[in-house]
Amino acid sequence: METDFIPLELDDTFRFACSPEVPCFNQCCRDINQYLTPYDIYRLKNRLNMTSGDFLNQFTVEHIGPQTGLPIVSLKALPQEDLRCPFVSDEGCQVYEDRPASCRTYPLARAVSQSRDTGQLVENYALMQEPHCQGFDQERVQTVREWIEDQEIEQYNRFNDMLMTIISRKNQHKRSPLDLREQHLFRLALYDLDAFKTHLEKKGFPDGIKLDGGKREALLTDELELLAFGHHWLQLMLFGKA
Ligand code: SF4
Ligand code: SF4
C-alpha cells in the first residue's frame with residue numbers, strides 16, 4: 001500500500017497519536033532518510049553540546065542537489081542497525097526536545113512556496129497516511145493548528161522559511177547550479193554556525209550590511225541572531241543583495 005497525501009487546512013482535524021504504547025513504536029526511526037535544516041542542526045548540536053563542525057562530521061552526510069548545486073545535509077543512519085537514526089533507543093528518541101522539524105511535524109507534511117506576484121510565502125499542509133503507522137488508529141483528534149502548537153513547530157518554520165526564501169531566489173534568479181565557492185558559503189553560513197562566527201570575527205562584516213556596534217555584539221554572542229543573520233549574509237554573497 002502507498003502513502004496517501006490528504007491536503008488539510010489549519011482548522012481541519014485529523015486522528016493521530018504516537019506514544020510508547022503503540023505497537024509500531026520507534027519503527028519510523030529506522031530506515032531513515034532524514035534531511036536536516038540549518039535550524040535542526042543548531043538545535044541538535046547544542047543539545048549534544050558539540051560544535052557544528054563536530055556534529056556535521058559525526059552525525060551527518062551531505063550530498064549536492066544535482067540540478068541546483070545546493071548542499072543537502074541528512075542524518076547519518078546506522079548501517080549495521082537497519083539504517084536506524086543514531087538518536088533512537090528502545091525508550092524512544094534520545095533528543096526528543098530538540099528533534100528535527102520533520103519528526104515533529106509528522107504525520108503532517110508542510111510545503112512552502114513563494115508567490116511570484118507578491119513575494120509572500122504560502123504554506124500548505126497535508127496528512128501523510130502511511131500504512132505502517134498505527135498512530136492513525138488511536139483516539140486522539142486535533143486540528144492542524146493544535147498540532148503545530150503542541151509540537152512547538154513555529155520556531156522551526158520561522159527559520160525554515162528563511163531557507164525557503166533563499167532557495168526561491170536562487171531558482172528565480174540563478175538558473176545554473178551553485179559552484180564550489182557558493183556551496184562553501186552556503187555550508188558556512190547555514191550549517192556550520194561555529195565556523196561562521198569565527199569567519200566573521202576574523203574577516204569582519206561585508207560593506208553591504210549596515211550594523212551598529214550593539215547588533216554586531218549580539219550576532220557574535222547569540223547563535224539564533226547569528227543564524228538569522230547568516231541567511232541575510234548568504235543572500236548578499238549569492239545575489240549581491242540581502
Ligand atoms: S531524531 Fe528522534 S524522532 Fe527523529 S528519527 Fe531520530 S530518533 Fe526518531
Ligand atoms: S510509525 Fe507512527 S505511531 Fe508508530 S512510532 Fe512512528 S509515528 Fe508513532
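User: Which residue of β9 does L108 stand opposite?

Analyst: L108 stands opposite L127 in β9. This is a predicted model, in which local features need pLDDT of at least 70 and side-chain atom pairs count only at pLDDT 80 or more, while totals for chains, interfaces and linings use all residues. Residues are numbered from 1 along each chain as its sequence is written, with chains lettered from A and ligands numbered from 1 in the order in which they are written.

User: What makes β8 and β9 a pair?

Analyst: Strand β8 (residues 108-114) and strand β9 (residues 121-129) share seven bridges in the antiparallel sense. Pairing requires at least two bridges found by DSSP, so these strands qualify. Strands are DSSP runs (E, at least two residues), and helices are runs of H or I (at least four), numbered from the N terminus. Six residues separate β8 and β9 in a hairpin, and G119 in the turn has a positive phi of about 80 degrees.

User: Why is the largest nonpolar core said to lie between domain 1 and domain 2?

Analyst: Domain 1 (4-153) and domain 2 (166-239) both contribute residues to the core, so the core lies between them. These bounds come from an automatic or database domain assignment. The core has 34 residues, and those with the most contacts inside it include I41, F196 and L226. Among the elements that give it two or more residues are α1 (38-47), α5 (154-173) and α9 (223-239). A nonpolar core is a set of buried Ala, Val, Leu, Ile, Met, Phe, Trp, Tyr and Cys residues joined through C-beta atoms within 7 Å. Buried means 20 or more other C-beta atoms within 10 Å of the residue's own (exposed, 12 or fewer; partly exposed, in between), with C-beta atoms placed from the backbone.

User: Which residues does L226 touch?

Analyst: L226 touches L193, F196, K197 and L219, leaving aside residues up to four places away in sequence. Contact means that the two C-beta atoms, placed from the backbone, lie within 7 Å. A second, separate core of five residues includes L108, Y125, L127 and I148.

User: How many residues of the shell around ligand 1 are nonpolar, polar and charged?

Analyst: The shell divides into nine nonpolar, one polar and one charged. Among the residues around ligand 1 are C29, C85, C93, C103, Q34 and R99; each has its C-beta atom, placed from the backbone, within 6 Å of the ligand. Ala, Val, Leu, Ile, Met, Phe, Trp, Tyr, Cys and Pro count as nonpolar, Asp, Glu, Lys and Arg as charged, and the others, Gly among them, as polar. R99 is therefore charged and Q34 polar.
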